[in-house]
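Visitor: I'd like a proper look at a single part of this one rather than a tour of everything. Could you pick a part and take me through it slowly?

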Amino acid sequence: ASAEGMRSTAFRRPTVTPSPTMMKASVAASLPTTVKPGVVTGQALFDLLEHAKANNYAIPSVNVVSNSAINACLEAAKINKSPIIIQFSRGGGQFIAGKAADNTNDAASIAGSVAGALHVRTVAALYGVPVILHTDHCMKSWLKWFDGLLDANEAYFKQHGEPLFSSHMLDLSEEPLEENI
């Protein structure tokens with residue numbers, strides 16, 4: 001094959017043929033009326049999770065570390081007509097802020113996670129799918145990051161009437177049982 005021929009095929013978007021599993025996950029048309037395109041919170045989040053449970057499907061979840069990854073996830077959800085969970089980890093948030101950003105007291109991890117969440121909020125509805133905006137496992141030693149995200153949630157709520165994130169995961173599984181119950 002010629003270099004020109006290879007170049008022209010190397011960057012073509014692959015054709016996705018939905019499998020029966022993917023077709024079952026294409027539930028956007030039958031979602032509860034409370035669930036709209038964009039980030040879902042509150043009752044819409046509860047209704048979406050109940051719908052998934054009642055209809056026996058999983059909502060894919062992806063940890064993201066860049067706006068490009070966020071956009072790719074949203075595009076995949078749109079192609080498959082599926083809700084999606086976009087989640088941020090402490091390290092992913094720091095990566096979004098940039099490796100040279102000062103991460104004292106998790107400042108870069110917080111700023112990057114918030115910046116990524118704001119990006120999702122800005123573009124998610126344009127893809128026509130519901131998005132759960134989630135933070136991944138936060139252990140006890142990372143509580144500064146968690147607290148910073150809760151502060152961002154409260155500030156966003158004061159302006160917009162809903163939290164920035166749909167949900168957060170506090171994971172104390174490494175702590176003694178007494179601290180987990």
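Guide: What follows is a close look at one helix and its surroundings, after a few words on the whole chain.

This is a predicted model, in which local features need pLDDT of at least 70 and side-chain atom pairs count only at pLDDT 80 or more, while totals for chains, interfaces and linings use all residues. Residues are numbered from 1 along each chain as its sequence is written, and side-chain values use heavy atoms, with hydrogens and water left out.

The chain has eight helices and five strands; these are DSSP runs numbered from the N terminus, H or I of at least four residues for a helix and E of at least two for a strand. Read from the N terminus, the order is α-α-β-α-β-α-β-α-α-β-α-β-α. Of the 181 residues, 38% are buried, where buried means under 20% relative accessible area, exposed means over 50%, and partly exposed is in between (1.4 Å probe, protein chains only). The accessible surface is about 10,500 Å², with 59% of it on carbon and sulfur atoms; that area comes from the Shrake-Rupley method with a 1.4 Å probe. If you take contacts between residues at least 6 apart in sequence, 68% of them join residues at least 24 apart, a contact being heavy atoms within 4.5 Å.

Now to the part I'd pick: helix α6, residues 107-123.

Start just ahead of α6, in the loop that links it to α5 (90-97), where you'll find Asp-106. Asn-105 is in that loop too. Most residues other than glycine have a negative phi. Asn-105, not a glycine, has a positive phi of about 55 degrees, and Asp-106, also not a glycine, has a positive phi of about 65 degrees. As for cover, Asn-105 counts as partly exposed because its relative accessibility is 48%, whereas Asp-106 is at 5% and so counts as buried. Setting aside neighbours within four places in sequence, Asp-106 touches Arg-90, Trp-142, Lys-144 and Trp-145.

Next, α5 against α6. Their axes are 6 Å apart and the packing angle is about 80 degrees, which makes α5 roughly perpendicular to α6. For these numbers, axes are lines fitted to C-alpha atoms, for helices over the stretch in contact, and angles run from 0 to 180 degrees between N-to-C directions. Under 35 degrees counts as roughly parallel, over 145 as roughly antiparallel, 65 to 115 as roughly perpendicular, and the rest as oblique. On the α5 side the contact uses Arg-90, Gly-93, Gln-94, Ile-96 and Ala-97, and on the α6 side Ala-108, Ser-109, Gly-112, Ser-113 and Gly-116. By class that is three nonpolar, six polar and one charged; here Ala, Val, Leu, Ile, Met, Phe, Trp, Tyr, Cys and Pro are nonpolar, Asp, Glu, Lys and Arg are charged, and the others, Gly among them, are polar.

Gln-94 is worth a pause. This α5 residue counts as partly exposed because its relative accessibility is 28%. Beyond its neighbours within four places in sequence, Gln-94 is in contact with Asn-103, Ala-108 and Ser-109. Its C-alpha is 7.6 Å from that of Ala-111, which is 17 residues away along the chain.

On to α7 (residues 143-160), which packs on α6 at about 40 degrees with the axes 9 Å apart. The two helices are therefore oblique to each other, and their crossing is right-handed, meaning the near helix is turned clockwise from the far one by less than a right angle (anticlockwise would be left-handed). From α6 come Ser-109, Ile-110, Ser-113, Val-114, Leu-118 and Arg-121, and from α7 come Lys-144, Trp-145, Gly-148, Leu-149, Ala-152 and Tyr-156. The class count is seven nonpolar, three polar and two charged. Lys-144 and Trp-145 should ring a bell, as both are among the contacts of Asp-106.

Last comes α4 (residues 67-80), whose axis comes within 10 Å of that of α6, the two crossing at roughly 40 degrees. That crossing is right-handed. Asn-67, Ile-70, Asn-71 and Leu-74 of α4 meet Gly-116, His-119, Val-120 and Val-123 of α6. This contact has four nonpolar, four polar and no charged residues. Gly-116 is a residue to click on, since it also appears in the contact with α5.
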